[in-house]
Amino acid sequence: MSTAPGPYDGGRERDRDEEGRARNQRPRDGLGRPLPHGSEGVPRQPEGVVRAPGESVAEAQELLDAGRPFHAHEVFEDAWKSGPDAERGLWQGLAQLAVGLTHAARGNTTGGARLLLRGAGAVSAWSAGAGQDRPYGIEVAGLAAWAGALAELLEREGGAVDAATHAPRLRGGAPGGADTP
């Protein structure tokens, strides 16, 4: 591991992996925003975890319900990187939905709405192409409707939303009405 200061890091030592890529060890809040060094952040999602598809959906749902869509995105990213190529579009679309909710919760309503619609389009297109309406129990049509309604709310009202309150139900149902914006 190299920790030598670089020309663009103000002379600070940087944490790097064996290939020299920078690792960001700054603590982060529940929406993935970096916090000052020494701050107490939320636990980070481990990267590169190979999970069964159903486990990915369940873990991501728990993170979404806890108001941590950035971390749910990390779970979906692991699924697209470790899963079969034929499912890449599904997992990438789900990751875009989680990032869209992250942006919406951070107050970036324009970016959030765009990512929500892009993610919904990707998941819907994958579902249609694969002939699967409920891959791993995910209610694709309901998820797309959720994304469209939340994007509309963001465009109409602006302002940050509470990520936990507006979290989707990946497999349908509604814990306290959280499947509607």
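In what order do the elements of the chain run from the N terminus on? They run α-α-α-α-α. The model is a predicted one. Its chain has five helices and zero strands. Of the 181 residues, 42% count as buried. Contacts between residues at least 6 apart in sequence were also surveyed, and 55% of them join residues at least 24 apart.

## Helix packing

Three helix pairs are described here, with their axis separations and angles tabulated below.

| Helix pair | Axis separation | Angle |
|---|---|---|
| Helix 2 (residues 69-82) and helix 3 | 8 Å | about 165° |
| Helix 3 (residues 88-106) and helix 4 (residues 109-130) | within 7 Å | roughly 160° |
| Helix 4 and helix 5 | 9 Å | about 160° |

**Helix 2 with helix 3.** The axes lie 8 Å apart at an angle of about 165°. Angles over 145 degrees count as roughly antiparallel, and helix 2 and helix 3 are therefore roughly antiparallel to each other. Helix 2 passes helix 3 in a left-handed crossing. From helix 2, the contact draws on Pro69, Phe70, Ala72, His73, Phe76, Ala79 and Trp80. From helix 3, it draws on Arg88, Trp91, Gln92, Leu94, Ala95, Ala98, Val99, Leu101, Thr102 and Arg106. By class, the residues of this contact are 12 nonpolar, three polar and two charged.

**Helix 3 with helix 4.** These axes come within 7 Å and cross at roughly 160°. That makes helix 3 roughly antiparallel to helix 4. The crossing of helix 3 and helix 4 is left-handed. On the helix 3 side, the contact is made by Gly89, Leu90, Gly93, Leu94, Gln96, Leu97, Val99, Gly100, Leu101, His103 and Ala104. On the helix 4 side, the residues are Gly111, Gly112, Leu115, Leu116, Arg118, Gly119, Ala120, Ala122, Val123 and Trp126. The contact of helix 3 with helix 4 divides into 12 nonpolar, eight polar and one charged residues.

**Helix 4 with helix 5.** Here the axes are 9 Å apart, and the packing angle is about 160°. That makes helix 4 roughly antiparallel to helix 5. Helix 4 passes helix 5 in a left-handed crossing. Helix 4 contributes Thr109, Gly112, Ala113, Leu116, Leu117, Ala120, Val123, Ser124 and Ser127. Helix 5 contributes Val140, Ala144, Trp146, Ala147, Gly148, Leu150, Ala151, Leu154 and Glu155. The class split for helix 4 with helix 5 is 12 nonpolar, five polar and one charged.

## Aromatic rings

How many aromatic pairs does a search of the whole structure find? It finds two. In one pair, the rings of Trp91 and Tyr136 have centres 5.9 Å apart and planes at 25°, so the pair is stacked. The pair links distant parts of the chain: Trp91 sits in helix 3, Tyr136 in the loop between helix 4 and helix 5, and 45 residues separate them. Ring pairs link Phe76, Trp91 and Tyr136 into a cluster. Phe76 and Trp91 also belong to the contact of helix 2 with helix 3.

Is Trp91 buried or exposed? Trp91 is buried, because its relative accessible area is 2%. Tyr136 is partly exposed, with a relative accessible area of 31%.

## Backbone at Tyr136

Tyr136 is found in the loop between helix 4 and helix 5 (140-157). Its phi is near 55°, a positive value in a residue other than glycine. Most residues other than glycine have a negative phi.

## The segment before helix 1

Where is Pro46 placed? Pro46 lies in the segment before helix 1 (53-65). Pro46 counts as partly exposed, because its relative accessibility is 46%. Leaving aside neighbours within four places in sequence, Pro46 is in contact with Arg51 and Asp78. Pro46 and His71 are 25 residues apart in sequence, and their C-alpha atoms are 9.4 Å apart in space.

Note on methods. Residues are numbered from 1 along each chain as its sequence is written. This is a predicted model: local features need pLDDT of at least 70, side-chain atom pairs count only at pLDDT 80 or more; totals for chains, interfaces and linings use all residues. Side-chain values use heavy atoms; hydrogens and water are left out. Axes are lines fitted to C-alpha atoms, for helices over the stretch in contact, and angles run from 0 to 180 degrees between N-to-C directions. Helices (H or I, at least four residues) and strands (E, at least two) are DSSP runs, numbered from the N terminus. Angles under 35 degrees count as roughly parallel, over 145 as roughly antiparallel, 65 to 115 as roughly perpendicular and the rest as oblique. A crossing is left-handed if the near helix is turned anticlockwise from the far one by less than a right angle, and right-handed if clockwise. Contact means heavy atoms within 4.5 Å. Ala, Val, Leu, Ile, Met, Phe, Trp, Tyr, Cys and Pro count as nonpolar, Asp, Glu, Lys and Arg as charged, and the others, Gly among them, as polar. Buried means under 20% relative accessible area, exposed over 50%, partly exposed in between (1.4 Å probe, protein chains only). Rings of Phe, Tyr and Trp (its six-membered ring) pair if their centres lie within 6.5 Å; planes under 30 degrees apart count as stacked, over 60 as edge-to-face and the rest as tilted.
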